[in-house]
Amino acid sequence: MMARGTISIIGWLIVATVIMVLIVSVIAVLTGSTSGTDGESQSLLKTVWNSLMHALDSGALGGDGTDNIGFVVLMIVMTAFGIFVLSILIGILTTAIDAKIEDMRKGRSFVVEQGHTVILGWSPQIFSVISELVTASENQSYSCIVILAEKDKVEMEDAIRSRVGRTGHTRIVCRTGSPIDLTELEIVNPDGARSIIILSGEEQDPDAYVIKCLLALTNAPGRTHICPIVAEIRSADNLEVARMVGRDKAILLPVSDLISRIAVQTCLQSGLSVVYMELLDFGGDEIYFKEEPGLVGKTLGEALLAYETSSVIGLRLHDGQVKLNPPLDTVIQRGDQVIAISADDDTIVLSGKTDVGIRPEIIVAPNGRQKAPERTLILGWNQRGTAVICQLDFYVAPGSELTIVADMDDLETVIAQGCSGLQNLQVQVLRGNTTHRRTLDELSIPTYDHVITLSNDEQSIQEADAHTLVTLLHLRDISDKSGCKFSIVSEMLDVRNRELAEITRADDFIVSDKLISLMLSQVSENPELLAVLMDLFDPDGSELYLKPASDYVQLGEALPFYTVVQSARQRHEIAVGYRLVAEAGDVNRAYGVHVNPNKAQSVTFGPDDKIIVLAEE
């Protein structure tokens, strides 16, 4: 009986009370001890009622007012029994409620929400992901984020409250359990979720963990609905297996490949890192899709000037193809969507202007600027090193030099096997400890144009980041003392160590899991955005470049940004912003970077200012 739980015990207490009331009532009737306060004998039914009242309310004993000793004795027995039963009942209910509260505290109760975002796993990335999702939901009256991880519920809530702060209309629900356990996974109600994000930052084998989570989500018996699943795969070797497991519902971010591409692009372009951060977080302008019936029959080139507060960068065709910076004479058809940079999806509005004030007299004709050879230095080595070299070879001019310094055996053999067929780079490999100042001084670092630091895969995350921080501090000191400016891209594995780096220049960009967190958040809100991001970071297509403003317009002239858009359009490029060197040191002004400016507002460019364009080269 005890093992059957609270309901069973309460049922037996009720049965015992009924039996006791009947026994006492029958004895009272048989012995004639049934007189009430008026001294008259009572019926069996009335006696049963009196006995029950004495059992439930001990105070009823004082109001009997009778001289019938037998009746008083029987009621005392009934009241004592009632006190005993009620005490047990109160104790049982208190214990049951405490157990339920404790169970809820442990995060084991079912999530009843619908249309929520589920995050599986726990890592330092989670705070960035939650912050971005909260920002994305600011214009909604209610949203919910549910987290399932093998951590204490209260511990997770405290960490989120400390690192994220107020979440506005977004409710955060934490549950304790293993995402790869089918039973525990059902706690977060994946069938009712809008999207699912899988994190794997603290796992020893992160890809294996992601694949297990995908199996639990896609192969669970009885699952009626599978929402879009966004996950990160760190090794390219596991990407195909993850795709097979995730079927058509899994949206996989190839982390190693993306980090390599971003590291190369940002080191070659001063300020490009700020542009990417602007596009990937929900705090400023982001990339959206919108079907615009008013543009049907017009060309993409005409669409570039049709928006005043949004910047069109491509098209999503009606058959699902995503094209960034396609030929500007491409005709927009019914069902096509424009891909635009805007503050929000509801701010992509046609200006309706026919005369936008373009000043053709100050547009500069294309001058056919040729790329010059560059010198790049890579400090440290990891499994992404060969991908970085291959990506770098796509962008630099022939005759460019690359020097690699790492404390690793047989590095020349690794590079020869992974980077065969280089066309533009001349590679030199040196042995040395990159955290030693003497080693760095011997390299004549000020003679290089770009420096990339890579984290060591064979060290722990914190140890690798500590070495990167030491190297970065030396590099900044060398730059300050020599007076020479060279771009620095540092790879960090833990987003918390990125914050310790105290970035003070746009060049000192830290490639870390922060970027992947932003991508996970963006793609979870709009799964089709992955195709745009992969195209944006692909050297074979169109990428973002910061080019001299003097190549597009005459300097020192106040002009609307429409004029810059028209000048870039004549080069088959798309202008999406600019960078003012006068603001390059101001963190409050995004280091001088202005993405998606109001095209009607006037701006004056100086000799070192840049135009941000989407172009093939």
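Where does S43 lie? In this predicted model, S43 sits in the loop that runs between helix 1 (6–31) and helix 2 (44–56). With a relative accessible area of 45%, S43 comes out as partly exposed. Looking back along the chain, V29 is 14 residues away from S43, and the C-alpha atoms of the two are separated by 7.7 Å.

Stepping back to the whole chain, there are 19 helices and 22 strands to keep track of. The overall outline is not that of a compact globule: 617 residues packed that way would give a radius of gyration near 25 Å, whereas the chain comes in at 35 Å. Along the principal axes, the C-alpha atoms fill a box of roughly 120 × 65 × 45 Å. Even so, buried residues account for 52% of the 617 residues. As for contacts between residues at least 6 apart in sequence, 75% of them join residues at least 24 apart.

The surface can be put in numbers too. About 27,800 Å² of the chain is exposed, and 53% of that comes from carbon and sulfur atoms. On the charge side, there are 83 negative side chains and 49 positive ones. The centres of these two sets lie 2 Å apart.

Strand 15 (residues 487–491) is a good place to look inside. The strand is largely enclosed by the rest of the structure, because 5 of its 5 residues are buried. Its side chains split between two directions: S487, V489 and E491 point one way, I488 and S490 point the other way, and all are buried. Next to this comes the pairing with strand 14 (residues 450–453), which is in the parallel sense and runs over 4 bridges. Within that pairing, V489 of strand 15 is the bridge partner of I452.

Burial also turns up at single positions elsewhere. N189 belongs to the loop between helix 6 (182–185) and strand 4 (195–198), and at a relative accessible area of 9% this asparagine is buried. What does N189 touch, leaving out residues up to four places away in sequence? The list is F110, V111, V112, E113, Q114 and H116. I259, in turn, is part of helix 9 (residues 255–268). Its relative accessibility is 7%, under the 20% cut-off, so I259 counts as buried. V331 is 72 residues away from I259 along the chain, and 35 Å separates their C-alpha atoms.

Finally, two residues stand out for their backbone angles. H572 is not a glycine, yet has a positive phi of about 60°. This histidine is in the loop between helix 19 (561–569) and strand 19 (574–579), and with a relative accessible area of 59% H572 is exposed. N596 also has a positive phi, near 55°, in a residue other than glycine. Is N596 buried or exposed? Its relative accessible area is 8%, so N596 is buried. The loop that holds N596 links strand 20 (593–595) and strand 21 (602–603). Taken as a pair, then, H572 is exposed, while N596 is buried.

Methods: Residues are numbered from 1 along each chain as its sequence is written. This is a predicted model: local features need pLDDT of at least 70, side-chain atom pairs count only at pLDDT 80 or more; totals for chains, interfaces and linings use all residues. Side-chain values use heavy atoms; hydrogens and water are left out. The radius of gyration is taken over C-alpha atoms; the globule rule is 2.2 Å times the number of residues to the power 0.38. Buried means under 20% relative accessible area, exposed over 50%, partly exposed in between (1.4 Å probe, protein chains only). Contact means heavy atoms within 4.5 Å. Accessible areas come from the Shrake-Rupley method with a 1.4 Å probe; for residues, only the protein chains shown count as cover. Lys and Arg count as positive and Asp and Glu as negative; His and the chain ends are not counted. The place of a charge is taken as NZ of Lys, CZ of Arg, CG of Asp or CD of Glu. Two strands pair if DSSP finds at least two bridges between them.
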